[in-house]
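Here is a friendly walk through the sheets, the helices that pack on them, and a pair of aromatic rings. Have the viewer open as you read.

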Amino acid sequence: MKNSLYSKIMLIMLTVIISLMTVVGAFLMHGVRTYYLNRFYEQMQSVFSSTEIASDLRSAANGTDAANSMADIIRTYAGQLGIDSGTRNFYILSGDTGAYIVGSANPSNGVTVTANITTAIAGSEGYSSDSGEKYMDVALPVSGDSGRYIVYIIDNKNSVQELGSNLFTIILEALAVGMVISVGLSLMLSKTLVTPIRQLTVAAGAVAAGDFNHKVENQSGDEIGVLTRTFNNMAGQLEDTLDDLKVSEQTRREFVANVSHELRTPITSIRSYAETLMDDPNMPAETRKKFLGVVVNESDRMTNIVQDLLTLSKFDAGSIEFSFEMFSFEKSVRDVYNATRMEAQHHGHEFTLEFLSQLPEIRGDRARIEQVIINMVSNAIKYTKDGGVIRVTAGEKDGSVWCTVKDNGIGIPKEDVNKVFDRFYRVDKARSRESGGTGLGLSIAKEIAVRHGGDITVKSSLGRGTSITLSLPAGGPENA
């Protein structure tokens, strides 16, 4: 608990209360002393500035027994002067020496000559004050036929000291109450601040241990509430990121496994045929030529795999370059159709092309877009049994052009439709390998379509055929 937040809060609260009461007490004590000091001299000046008392004192100084007469006059004004026998007294002193003559009290050791008495002996009124002294005094010179006298009023500040003592007691009591309040406030603050922080600490430990479902409930609108909600959001994002990393790692492993498998198959074939050729130098020329053809075909297949992998790697790295220009989308579709028509006819397919509307020129990389359409048509030819029907249609709608290739081939299982753009996915693996497919064509086509601001979608039914559509904005991508 020594270094806990609760202890620190309580220490701060106690320090604030003590400091505040100390400052307030100092100001109050000083204010009381100053008030009494000023009040004393204001009271003295108010009374002795009266012409009546001044006249009475001068008259008494001219008569016999002047000191006692002057004392009687002062007793008359005792109420106005605040004179009492305990705290404030008056004396009639000799105007020449300051010696005691008569007064409200009889000092055993006489009256101490103060600065104001010295001033009065010199013939001036003594009203000087010093807050550091233990008394307040006034000395007024009075001259008459009987001689020179000094009317001296002195206050020993007992009232001020008594009030200060009472005030100090009150301050101590207030300090004690303040400390109790500060402890109570510390408890309240600890509940308001420390509790959610402890909850956050526990939740942070859980997150560090891999438990991202540990949420902290705090709906307050203060900084702690904002921190709590931010922490919960962070935990959720970390969980999503971890899930993405797991998916990415799984995808990476599958990708590496697929690449290894795809490359191992042609390598195995090349090695097998090459070893056969080496072991049988007397092999018939026709058989040798056939074996060498297999080696060349498998080499081409490996080359295609590597080229497609490099293309996808460039897409992933964002380093692939496009040559954007305006060109006729209709002409590109027609050129692809003409280029693939002989292959379709070779398999006995009914292969048709139809434009459903006039197609505008579009902005894009012509070679890349034709690569996508070729891939779409080639897949239709490849996965449609001989004598099938393949229809290529194209049109324009809402500022975008589209091209659809529809066949009545083997189709795709419903659960695999969303996988056709995954790398190395094949509908018919055996047939695809026989035809030299890499399983990367649609992945590359998807990347090209997206880079052009468009998309490529597939609809299929197992055993009934597939329809694949490329759509592109006529104006090209915004960042072209």
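## Sheets, helices and a ring pair

Helix α9 (residues 329-346) lies across β6, β8 (389-397), β9 (400-407) and β11, and runs at about 170° to β6. Helix α10 (residues 366-382) packs on the sheet as well, where it touches β6, β8, β9, β10 and β11. The direction of α10 makes about 175° with that of β11. Please keep in mind that this is a predicted model.

Now to the sheet beneath these helices. Its 5 strands follow the order β6-β8-β9-β11-β10, and the sheet is open with mixed pairing. Which strands stand at the edges? They are β6 (350-355) and β10 (455-461); each has a single partner strand, so one side of each is left without a neighbour in the sheet. From one strand to the next, the twist averages 10°.

At the β10 end, 7 bridges join β10 to strand β11 (residues 465-473), and the two run antiparallel. If you would like a residue pair to look for, serine 460 stands opposite threonine 466 in β11.

There is also an open sheet of 4 strands, ordered β2-β1-β4-β3, with antiparallel pairing. Here the edge strands are β2 (100-103) and β3 (136-144), each of which pairs on one side only. Neighbouring strands of this sheet are turned by 25° against each other on average, with direction ignored.

Strand β1 (residues 88-94) and strand β4 (residues 147-155) run antiparallel and are joined by 7 bridges. Isoleucine 92 has valine 151, in β4, as its bridge partner.

Two helices pack on this sheet, as the table shows.

| Helix | Strands touched | Angle between directions |
|---|---|---|
| α2 (residues 51-62) | β3 and β4 | about 55° with β3 |
| α3 (residues 66-76) | β1, β2, β3 and β4 | about 155° with β1 |

Finally, a look at the rings. The count of aromatic pairs comes to 5. One of them is formed by tyrosine 35 and tyrosine 36, in an edge-to-face arrangement with 5.8 Å centre to centre and 90° between the planes.

Are these two rings' residues buried or exposed? Tyrosine 35 has a relative accessible area of 53%, so it is exposed. Tyrosine 36 has 29% relative accessibility and therefore counts as partly exposed.

Definitions and conventions. Residues numbered from 1 in each chain as written. Predicted model: local features only at pLDDT ≥ 70, side-chain atom pairs only at ≥ 80, totals over all residues. Heavy atoms only, no water. Pairing = 2+ DSSP bridges. Axes fitted to C-alpha atoms, helices over the stretch in contact; angles between N-to-C directions. Contact = heavy atoms within 4.5 Å. Phe/Tyr/Trp six-rings, centres within 6.5 Å; stacked < 30°, edge-to-face > 60°. Buried < 20%, exposed > 50% of the residue type's maximum accessible area, 1.4 Å probe, protein only.
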